[in-house]
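Let's take a walk through a protein chain together, with an eye on where its charged side chains sit. Have a look at the picture first, then read on.

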Amino acid sequence: MNKSEAIERLENLKVRADQLAGLRRGSQDFKKWHRDTEIAIERIFGEGTRHLKDFTDVGYSLGIFSSGTPDSAFDNAYRHGVKNAISVIESLIDEIKDYWEDEPESHLQELSAIDKVELLIRRFHKVARQLRSRHGSRNTIEIEDEYDVQDLFHSLLRIYFDDVRPEEYTPSYAGSASRVDFLLKQEKIIIEVKKTRQGLSAKDVGEQLIVDSLRYQAHPDCNTLVCFVYDPEGRVANPRGIENDLTGEVNGVPITVFITPEQ
């Protein structure tokens with residue numbers, strides 16, 4: 001994991017920790033966040049380092065208490081623990097910023113085509129959020145539906161790719177033709193873009209991606225299929241599980257699913 005990726009991962013975990021302070025102690029969200037943070041620290045700094053110990057040493061409950069201890073004392077201890085954990089994460093971020101070497105300018109040039117697509121997907125939410133703040137409150141693009149996601153992502157693809165073909169039609173599959181959102185002609189990568197919405201369950205998203213993956217393989221330029229699901233409201237309860245279940249190889253075609261931003 002490079003410097004920018006490590007900082008971004010920890011920043012996301014810090015944001016989630018800020019939200020935990022307002023939840024009840026012992027919630028499932030806390031347990032998942034704590035485990036996700038442990039894994040992230042191990043991936044970033046390696047196993048057996050003091051970084052993970054600094055985080056796991058943080059306490060979220062009272063060390064000594066009696067039967068008459070009020071609930072407010074437990075709640076205060078929990079919130080105090082979350083704040084201490086945030087301080088540890090902030091210290092880890094500062095360490096990376098101060099002591100890790102910056103990526104060389106040639107780093108992006110060394111990325112493969114699929115790595116460039118992934119980089120744009122991972123940073124899409126930051127770009128969309130930044131667009132809301134324009135000088136003098138000028139008009140900007142609001143990401144409200146799937147077409148908005150496609151329009152902005154199309155612009156971002158132009159950073160790296162010269163031949164980006166939107167609304168490319170596939171040969172007939174199961175009696176009907178369909179179109180893909182984007183085809184990177186030279187790289188032979190097909191990209192399908194979706195945005196979650198009210199009434200579209202995680203099961204629906206998964207089923208749509210399965211059908212799309214089978215349909216798009218009929219395209220002669222489909223050597224790789226990338227499915228980008230933009231989920232800014234966090235409607236997908238288990239995004240990593242869906243990514244793991246649907247990412248793989250079907251009939252010799254690699255399929256990668258990304259659900260962002262990370263919640």
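**Following the charges**

Start with K194 and E192, which form a salt bridge whose closest N and O atoms are 3.4 Å apart. Keep in mind that this is a predicted model. Are these two residues buried or exposed? Both K194 and E192 turn out to be buried. The cut-off for that word is under 20% relative accessible area.

Now zoom out for a moment. The chain has 263 residues, and 40% of them count as buried. Its secondary structure adds up to eight helices and six strands. If you trace the elements from the N terminus, you'll read α-α-α-α-α-α-β-β-β-α-β-α-β-β. Take the contacts in the chain with a separation of 6 or more: 66% of them are between residues 24 or more positions apart. As for the outside, the chain exposes about 15200 Å², and carbon and sulfur atoms supply 45% of that area.

Back to the salt bridges. How many does a search of the whole structure find? The search turns up 13 salt bridges. One of the pairs is R50 with D54, where the closest N and O atoms are 3.2 Å apart. Both residues belong to helix α3, which covers residues 50–56. They are four residues apart, and that's about one turn of the helix. R50 counts as exposed because its relative accessibility is 61%, and exposed means over 50%. D54, at 30% relative accessibility, counts as partly exposed.

Helix α5 has a pair like this too: E118 forms a salt bridge with R122, with the closest N and O atoms 3.4 Å apart. Because E118 and R122 are four residues apart in helix α5, about one helical turn separates them. E118 has a relative accessible area of 26%, so E118 is partly exposed. R122 is also at 26% relative accessibility, so R122 counts as partly exposed as well.

Salt bridges can also link up beyond a pair. Here R16, K32 and D36 are joined in a network of salt bridges.

Finally, look for charges of one sign. Which residues gather in a patch of positive charge on the surface? They are R123, K126, R129 and R132. You can find R123 in helix α5, which spans residues 113–130. With 35% relative accessibility, R123 counts as partly exposed. To join such a patch, a residue needs over 30% relative accessible area and no salt bridge.

Key: Residues are numbered from 1 along each chain as its sequence is written. This is a predicted model: local features need pLDDT of at least 70, side-chain atom pairs count only at pLDDT 80 or more; totals for chains, interfaces and linings use all residues. Side-chain values use heavy atoms; hydrogens and water are left out. Patches are made of residues with over 30% relative accessible area and no salt bridge: like charges are joined within 9 Å, nonpolar side chains (Val, Leu, Ile, Met, Phe, Trp, Tyr) within 5 Å. Accessible areas come from the Shrake-Rupley method with a 1.4 Å probe; for residues, only the protein chains shown count as cover. A salt bridge is a side-chain nitrogen of Lys or Arg within 4 Å of a carboxyl oxygen of Asp or Glu. Lys and Arg count as positive and Asp and Glu as negative; His and the chain ends are not counted. The place of a charge is taken as NZ of Lys, CZ of Arg, CG of Asp or CD of Glu. Helices (H or I, at least four residues) and strands (E, at least two) are DSSP runs, numbered from the N terminus. Buried means under 20% relative accessible area, exposed over 50%, partly exposed in between (1.4 Å probe, protein chains only). Contact means heavy atoms within 4.5 Å.
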